[in-house]
Amino acid sequence: MCIAIPKKVLATHHTATGASAEVEGEGEKPLRVDTSLLENVQVGDYILVFRGQALRIVSEEEARQIGRALACVAGVMQGGSGPAVEEAFADLIEHPASLPEHLAAQVGKKVI
């Protein structure tokens with residue numbers, strides 16, 4: 001499973017090799033990531049990072065939601081409980097996913 005992790009931007013860098021940022025996650029040492037796919041990354045922003053690449057800027061609240069969900073999953077995978085599922089996934093419980101209209105129209109139809 002591939003998961004982008006939220007990180008807070010501590011510093012930005014623009015060099016001949018491209019844009020990057022110094023970031024940190026909860027309880028982690030700072031590291032440098034490539035931000036060349038994003039525009040206007042600022043100190044204090046939260047970004048989603050996957051394998052050293054910043055994928056998008058997120059709000060602080062979204063970063064916290066993702067962090068709670070990841071902590072819950074990690075706790076369960078280690079045999080513990082972590083944060084309550086209802087708290088960690090409140091956004092999904094409150095707004096359940098639905099299929100787009102074109103796919104919902106196919107539900108129950110026989111496909112050969």
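**Salt bridges and strand pairing**

I will start with one residue: E28 has a relative accessibility of 35%, so E28 counts as partly exposed. A caveat before going on: this is a predicted model.

What does E28 pair with? E28 forms a salt bridge with K7, and the closest N and O atoms are 2.2 Å apart. K7 sits in strand β1, residues 5-15, while E28 is in the loop between β2 (18-24) and β3 (31-34), so this contact ties together parts that lie 21 residues apart in sequence. Is K7 buried or exposed? The relative accessibility of K7 is 8%, and because the cut-off for buried is under 20%, K7 counts as buried. In this pair, then, the lysine K7 is buried and the glutamate E28 is partly exposed.

As general background, side chains of opposite charge can pair when their charged atoms come close. Searching the whole structure, how many salt bridges turn up? The search finds five. I will go through two others.

The next one joins E22 and R32, with an N to O distance of 3.8 Å. E22 belongs to strand β2 and R32 to strand β3, so the pair ties together parts that are ten residues apart in sequence. On accessibility, E22 comes out at 24%, which counts as partly exposed. R32 is partly exposed as well, with a relative accessible area of 47%.

The other is between E62 and R56, where the closest N and O atoms are 2.6 Å apart. E62 has a relative accessible area of 24% and is partly exposed. R56 is also partly exposed, at 39%.

Now the strands, beginning with β1, where K7 lies. Which way do β1 and β2 run relative to each other? They run antiparallel, and seven bridges join them. One residue pair in that ladder is T12 with its bridge partner A21 in β2. The two strands form a hairpin, with two residues between them.

β1 also pairs with strand β4, residues 46-50, in the antiparallel sense over four bridges. Here I5 stands opposite V49 in β4.

To put the two parts of the talk together: β1 pairs with β2 and with β4, and K7 of β1 makes a salt bridge to E28. β2 in turn holds E22, whose side chain meets that of R32 in a salt bridge. That is what I have on this model, which, again, is predicted.

How values were computed. Residues numbered from 1 in each chain as written. Predicted model: local features only at pLDDT ≥ 70, side-chain atom pairs only at ≥ 80, totals over all residues. Heavy atoms only, no water. Salt bridge = Lys/Arg side-chain N within 4 Å of Asp/Glu carboxyl O. Buried < 20%, exposed > 50% of the residue type's maximum accessible area, 1.4 Å probe, protein only. Pairing = 2+ DSSP bridges.
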